[in-house]
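Grab the coordinates and work through a few short exercises on burial, ring geometry and a pocket. Each task comes with a solution in steps.

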Amino acid sequence: MYIDSHCHLNFPDFADRLPEIYQRMADNQVSHALCISVDLDSFPEVLAIAESRDKLFASVGVHPDYEDCTEPTVEKLVELASNPKVVAIGETGMDYYRTPGPLEWQRQRFRVHIRAARATNKPLIIHTRAASEDTLRIMAEEKASEAGGVMHCFTESLEVAQAAMDMGFYISFSGIVTFKNAKELKEVAEAVPLERMLIETDAPYLAPAPHRGKTNEPGFVKHVAEEIARLKGVPLEEVGEATSRNFRRLFKTG
């Protein structure tokens with residue numbers, strides 16, 4: 001069995017299609033999925049999806065790319081995270097690739113999420129793009145290791161992965177690892193121990209081969225596991241079992 005540790009099922013791509021999405025999850029042995037919040041205004045939609053099925057869960061947070069939106073506070077995140085279906089704080093982090101500076105607001109928002117994660121004892125879901133140095137620095141300064149979490153859709157170097165793992169974080173690989181031109185990322189995936197790894201789709205984005213160019217969905221996470229198994233030279237079942245076990249341990253889902 002497989003678990004999709006990061007997807008966005010409330011996005012318009014899945015409107016009126018959720019029953020077929022769930023069926024393809026079952027067909028591909030994907031047992032659970034974590035539905036990720038990107039802003040507070042749409043959080044009720046994320047939570048409603050998670051509450052609709054036993055094996056779906058939610059996070060609460062505001063994505064670093066979302067500048068003009070309701071700004072989170074520690075108190076508000078703690079309040080929303082009190083729902084038992086909410087198992088993580090995020091998606092949060094740093095992104096210097098898409099958002100023009102100055103970006104002190106982004107750094108402060110990241111700090112707010114880390115503080116909320118520590119207050120709730122729920123793990124962080126961290127996005128970092130072209131900002132790994134500041135991401136790791138703020139994680140250290142705010143004691144993110146006390147909450148733990150995952151570096152989602154990882155595309156950074158092995159050195160960044162190791163620094164995050166040293167703080168107790170997991171590394172999650174998406175469909176990008178199946179792309180032919182992702183040579184460096186494949187090397188990172190080969191080096192990261194299975195016991196520190198998660199797999200994800202980031203659906204509806206980044207569909208893995210052989211579905212590249214299509215709308216991604218949780219049922220496709222099996223292809224990420226297949227590539228990890230190929231890179232590591234281990235049975236596919238071992239990847240599925242390890243990453244599912246890691247998910248349950250990190251997010252305390254039993």
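Buried means under 20% relative accessible area, exposed means over 50%, and partly exposed is anything in between. Keep in mind that this is a predicted model.

**Exercise 1.** Classify the burial and the ring geometry of F247 and F251.

Solution. Start with burial: F251 has 3% relative accessibility, so it counts as buried. F247 comes out at 1%, so it is buried too. Next, locate them: both sit in helix α9 (residues 236–251), four residues apart, or about one turn of the helix. Now the rings: planes under 30 degrees apart count as stacked and over 60 as edge-to-face, with the rest tilted. The centres of F247 and F251 are 4.8 Å apart and the planes are at 55°, so this pair is tilted.

**Exercise 2.** Do the same for F11 and Y205, then say which parts of the chain they tie together.

Solution. Among the three aromatic pairs found in the whole structure, this one has ring centres 6.1 Å apart and planes at 75°, so it is edge-to-face. F11 is in the loop between β1 (2–7) and α1 (18–27) and Y205 in the loop between β8 (197–199) and α8 (221–232), so the pair links parts 194 residues apart in sequence. For burial, F11 at 11% counts as buried, whereas Y205 at 44% is partly exposed.

**Exercise 3.** Describe the largest pocket.

Solution. Its volume is about 470 Å³. Of 18 lining residues, R98, H127, R129, D202 and L206 are closest to the centre. By type, the lining splits into seven nonpolar, six polar and five charged residues. Strand β5 (residues 124–129) gives the most, with three residues.

Terms used:
Residues are numbered from 1 along each chain as its sequence is written. This is a predicted model: local features need pLDDT of at least 70, side-chain atom pairs count only at pLDDT 80 or more; totals for chains, interfaces and linings use all residues. Side-chain values use heavy atoms; hydrogens and water are left out. On a 1 Å grid over the protein atoms alone, a cavity is a set of points where a 1.4 Å probe fits but cannot get out, and a pocket is an open set with protein on both sides within 12 Å along at least five of seven lines; lining residues have an atom within 4 Å of a point. Grid points are joined across faces, edges and corners, and a volume is the space filled by probe spheres set on the points. Helices (H or I, at least four residues) and strands (E, at least two) are DSSP runs, numbered from the N terminus. Ala, Val, Leu, Ile, Met, Phe, Trp, Tyr, Cys and Pro count as nonpolar, Asp, Glu, Lys and Arg as charged, and the others, Gly among them, as polar. Rings of Phe, Tyr and Trp (its six-membered ring) pair if their centres lie within 6.5 Å; planes under 30 degrees apart count as stacked, over 60 as edge-to-face and the rest as tilted. Buried means under 20% relative accessible area, exposed over 50%, partly exposed in between (1.4 Å probe, protein chains only).
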